[in-house]
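Trainee: I have a structure to look at and no idea where to begin. Can you show me how to read it, feature by feature?

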Amino acid sequence: MIYFFNKYLIINSVFYKAIIAFFLSFCIAFILYQKIICWNQKNSMIGEKIRDLGLFGQKEKEGTPTMGGIVMIFSTLIPTILFSTLNNVYVLMLIMTTLYMGCIGLIDDYIKIKHNKKGLSIMGKIFSQILLGIFIGITMYFNTNISIPKQKIESKDSHFFKKKEYGFNTTIPIFSSIYHNHEFNYAYLLSWYNKKWKKYAWIVYIPVVIGIITFLSNGANLTDGIDGLTAGISSIIFALFSLLSIISSNKIYSLYFHFIYIPHLEEIIIFSFSFLGSLISFLWYNTYPAQIFMGDTGSLTIGGVIATLAIINRKELILPVLCGIFFIENISVIMQVLYFRYSKKKYGIGKRVFLMAPLHHHFQKLGYHENKIFNRFIIIQMMLSMLVFLLLII
């Protein structure tokens, strides 16, 4: 009873800190965005150079200040540093992901503004994302400070009193009748072939993490082509992950909702709320017609952080559904490029699947206004989020 009472107080104290962090992040970002917009109107030094894609209203966006992602990162990290426990491995992973992807995006934006409209090469971005995926995968799998629900006691004389079981437990949103509490272990994939291979489950897990981070980061980046779209979609996703973190960090809640209980997870709620506050503040200025853009500094960071949040929550396998818009935007570009090359090689003339990729530009070419595309994508994201939550609790 005493334990439950203490645990209840801890969760609530973290939740209250998260609420304060949300409003602090929102206010910091709100003020800084306004100052950047006013400063750029006078100096015009960080205006976006728009590529001519033949889209309606495109030229009006020329000169809109970019790199709003810098403010997003700053306003997220300040409350996180102030209110979080900084020796928590999950918090450190999220801070490092934010700074790392922010730096990659900043380099990309700087090249676009000062040198080349194309920015950092595609391979340069992918290589950077792969490095982050390797870091996150190794940390999650091998770090002894990351505990998992199922542990076995080793010898008391050993350096570590507890040792992880082989493999890595995560959540699979389907097959609840097969997998208890939607719990799936990556070691199962290898044990089908040979049970002795269970200890090499990291060979499967780390590539999955790399693929998720790379695909989602690029997806968020590609979706950032319509005012408010990436920020609006991401706000809904961050709100859901905040809820999932609250449930997974508490033994009572996780048992009730059939989630994997993850000790020491409650600290990332503060980070999630901080990022959500900065996103909503950005959305205030980024809705059509946008007064500021996040640039690759923001979009790459958003994708990387969402992927890392999912991996920490052991919910990475829900991302193809939850982040379905990001995935489809990414797939639309891949399909467009591959089919164009295939048709050019076979017929001598390059053909296209869509009028323009990514997918949101296809709808623009069909004559849909940005606001209509934005509103419908937001509705779809709400439905995807509700679907994922239902899949997790049934």
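Mentor: Let's go through helices, burial, the core, cysteines and aromatic rings, keeping in mind that this is a predicted model.

Trainee: Helices first, then. What span should helix H3 have?

Mentor: You multiply the rise of 1.5 Å by one less than the number of residues. H3 covers residues 89–114, which is 26 residues, so it should span 38 Å. The C-alpha atoms at its ends are 37 Å apart, and that agrees.

Trainee: And which residue caps the N-terminal end of H3?

Mentor: That's Asn-88. One of its side-chain oxygens lies 2.8 Å from the backbone nitrogen of Tyr-90.

Trainee: Now burial. Is Ser-75 buried or exposed?

Mentor: Look at the relative accessible area: under 20% counts as buried. Ser-75 has 0%, so it's buried. You'll find Ser-75 in helix H2, residues 69–83.

Trainee: What does Ser-75 touch in there?

Mentor: Skipping residues up to four places away in sequence, Ser-75 touches Ser-25, Ile-28, Ala-29 and Ser-278. The side chain of Ser-75 also reaches the backbone oxygen of Met-72, at 3.3 Å.

Trainee: How many residues are in the largest nonpolar core?

Mentor: There are 93. To read a core, look for the members that touch the most other members; here they include Tyr-90, Met-140 and Tyr-205. So Tyr-90, whose backbone nitrogen meets the cap from Asn-88, turns up again in this core.

Trainee: What is Tyr-205 in contact with?

Mentor: Leaving out neighbours within four places in sequence, its contacts include Gly-137, Met-140, Phe-168 and Glu-316. Tyr-205 is also part of one aromatic cluster, along with Tyr-141, Phe-142, Phe-168, Phe-184, Tyr-186, Tyr-188 and Trp-202.

Trainee: How many aromatic pairs does the structure hold?

Mentor: It holds 25. Take Phe-363 and Tyr-368: their ring centres are 6.0 Å apart, with 85° between the planes. An angle over 60 degrees counts as edge-to-face, and that's what this pair is.

Trainee: Are those two rings' residues buried or partly exposed?

Mentor: Phe-363 is at 26% relative accessibility, so it counts as partly exposed. Tyr-368, at 35%, is partly exposed too.

Trainee: Last one: how many disulfides does a search of the whole structure find?

Mentor: You'd look for two cysteine sulfur atoms within 2.5 Å, and the search finds 0 disulfides. As for single cysteines, Cys-27 is partly exposed at 40% relative accessible area, and Cys-38 is partly exposed at 34%.

Definitions and conventions. Residues are numbered from 1 along each chain as its sequence is written. This is a predicted model: local features need pLDDT of at least 70, side-chain atom pairs count only at pLDDT 80 or more; totals for chains, interfaces and linings use all residues. Side-chain values use heavy atoms; hydrogens and water are left out. Helices (H or I, at least four residues) and strands (E, at least two) are DSSP runs, numbered from the N terminus. A polar contact is a pair of N or O atoms within 3.5 Å; within protein, one must be able to donate a hydrogen and the other to accept it, and residues adjacent in sequence count only if both atoms are side-chain atoms. Buried means under 20% relative accessible area, exposed over 50%, partly exposed in between (1.4 Å probe, protein chains only). Contact means heavy atoms within 4.5 Å. A nonpolar core is a set of buried Ala, Val, Leu, Ile, Met, Phe, Trp, Tyr and Cys residues joined through side-chain atoms within 4.5 Å. Rings of Phe, Tyr and Trp (its six-membered ring) pair if their centres lie within 6.5 Å; planes under 30 degrees apart count as stacked, over 60 as edge-to-face and the rest as tilted.
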